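Subject: Structure for you to look at

Hello,

Here is the structure I said I would pass on. Please open it first, then read the notes below beside it.

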Amino acid sequence: MVSNVYENCNENPELCSEENISEDNTTDAETEKNESASVGVGVWDYIKIVLALVFVIGLLLVIIKFLNKRNLTYQQNAIIKNIGGLSVGQQKSVQLLKIGNKIYVVGVGEDIQLLKEIESADEVDQLLNQIEQNQSMVTTTPYIAELFKKFSKKDQPKDISDSPKFNDMFSEKLDELKQQRSDELERWKEQERDKR
């Protein structure tokens, strides 16, 4: 715009006084300002933005569900399957691993330690059935309904640790583990005494 004014000044020097140049520059700036002010954001633009946001969030949820299902089918074909775990502290957890027809209870922390090997077919079947029931409830419940349940205080999901079967079985296994460790400790002490 400014270069056009100067080119016109070269051709017609009588039109190129200082006043005419400054008037032309301000009118161009005012024109641009008025044109940009006339462009506004209306209600329809807000509706389009909200619809685009809902579409993107929906697309993300579909992708997450697809990847989750793909991961489950991959884990079903794996030799070692992580059945589940429970965090018991910072950087520490107890994990259930299924290898073949056995379930291993493993403590994970600074190092990995085998806590218990479950060989009984009844216990293995019971644990696997309980886990399948929990997973089927998770996959059949829509994700949005699950979010609403989390935020509503009256419909808190029932924790698996509240069920009496799980608590009894867990207590029984802990007692068994304590007994095995104390027996093992006594056996080591006896071996040490025999060596002396």
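Leaving aside its neighbours within four places in sequence, which residues is Ile-118 in contact with? They are Lys-102, Ile-103, Val-105, Glu-123, Val-124 and Leu-127. Please keep in mind throughout that this is a predicted model.

Overall layout

The chain has 196 residues, and 11% of them are buried. It contains six helices and four strands. If you follow the sequence from start to end, the pattern reads α-α-α-β-β-β-β-α-α-α. Take the contacts between residues at least 6 apart in sequence: 21% of these join residues at least 24 apart. The accessible surface of the chain is about 16,700 Å², and carbon and sulfur atoms account for 57% of that.

The strands

Strand E2 covers residues 92–99 and pairs with E3 in the antiparallel sense, over seven bridges. At one place in this pairing, Ile-99 stands opposite Lys-102 of E3. The hairpin of E2 and E3 has two residues between the strands, and Gly-100 in that hairpin takes a positive phi near 70°.

E3 also pairs with strand E4, residues 112–118, again in the antiparallel sense. Here there are six bridges, and the hairpin has three residues between the strands. E3 is mostly covered, with five of its seven residues buried.

Tyr-104 is a useful residue to click on in E3. Is Tyr-104 buried or exposed? Its relative accessibility is 18%, so Tyr-104 counts as buried, the cut-off being under 20%. Its bridge partner in E4 is Glu-117. Apart from neighbours within four places in sequence, Tyr-104 is in contact with Gln-95, Leu-96, Leu-97, Ile-99, Leu-114, Lys-116 and Glu-117. Tyr-104 and Ile-118 are 14 residues apart along the chain, yet their C-alpha atoms are separated by 6.0 Å.

The core

Which residues make up the largest nonpolar core? There are eight: Ile-83, Ile-103, Val-105, Ile-118, Val-124, Leu-127, Ile-131 and Met-169. Strand E3 (102–108) and helix H4 (121–140) are the elements that give two or more residues to this core. H4 supplies the largest share, three residues. As background, nonpolar side chains tend to be buried together in soluble globular proteins. Four residues listed above as contacts of Ile-118 can be found in this core list as well: Ile-103, Val-105, Val-124 and Leu-127.

The surface

A nonpolar patch of about 700 Å² lies on the surface. Its residues are Phe-55, Val-56, Leu-59, Leu-60, Ile-63, Phe-66 and Leu-67. Phe-55 belongs to helix H3, residues 43–76. Phe-55 has 57% relative accessibility and therefore counts as exposed, for which the cut-off is over 50%.

One backbone angle

Gln-91 sits in the loop between strand E1 (80–89) and E2. What is the sign of phi at Gln-91? It is positive, at about 60°, although Gln-91 is not a glycine. For comparison, most residues other than glycine have a negative phi. Because its relative accessibility is 73%, Gln-91 counts as exposed.

A good place to begin is Ile-118, working outward through its contacts, including Ile-103 and Val-124.

Regards

Notes
Residues are numbered from 1 along each chain as its sequence is written. This is a predicted model: local features need pLDDT of at least 70, side-chain atom pairs count only at pLDDT 80 or more; totals for chains, interfaces and linings use all residues. Side-chain values use heavy atoms; hydrogens and water are left out. A nonpolar core is a set of buried Ala, Val, Leu, Ile, Met, Phe, Trp, Tyr and Cys residues joined through side-chain atoms within 4.5 Å. Buried means under 20% relative accessible area, exposed over 50%, partly exposed in between (1.4 Å probe, protein chains only). Contact means heavy atoms within 4.5 Å. Accessible areas come from the Shrake-Rupley method with a 1.4 Å probe; for residues, only the protein chains shown count as cover. Two strands pair if DSSP finds at least two bridges between them. Patches are made of residues with over 30% relative accessible area and no salt bridge: like charges are joined within 9 Å, nonpolar side chains (Val, Leu, Ile, Met, Phe, Trp, Tyr) within 5 Å. A salt bridge is a side-chain nitrogen of Lys or Arg within 4 Å of a carboxyl oxygen of Asp or Glu.
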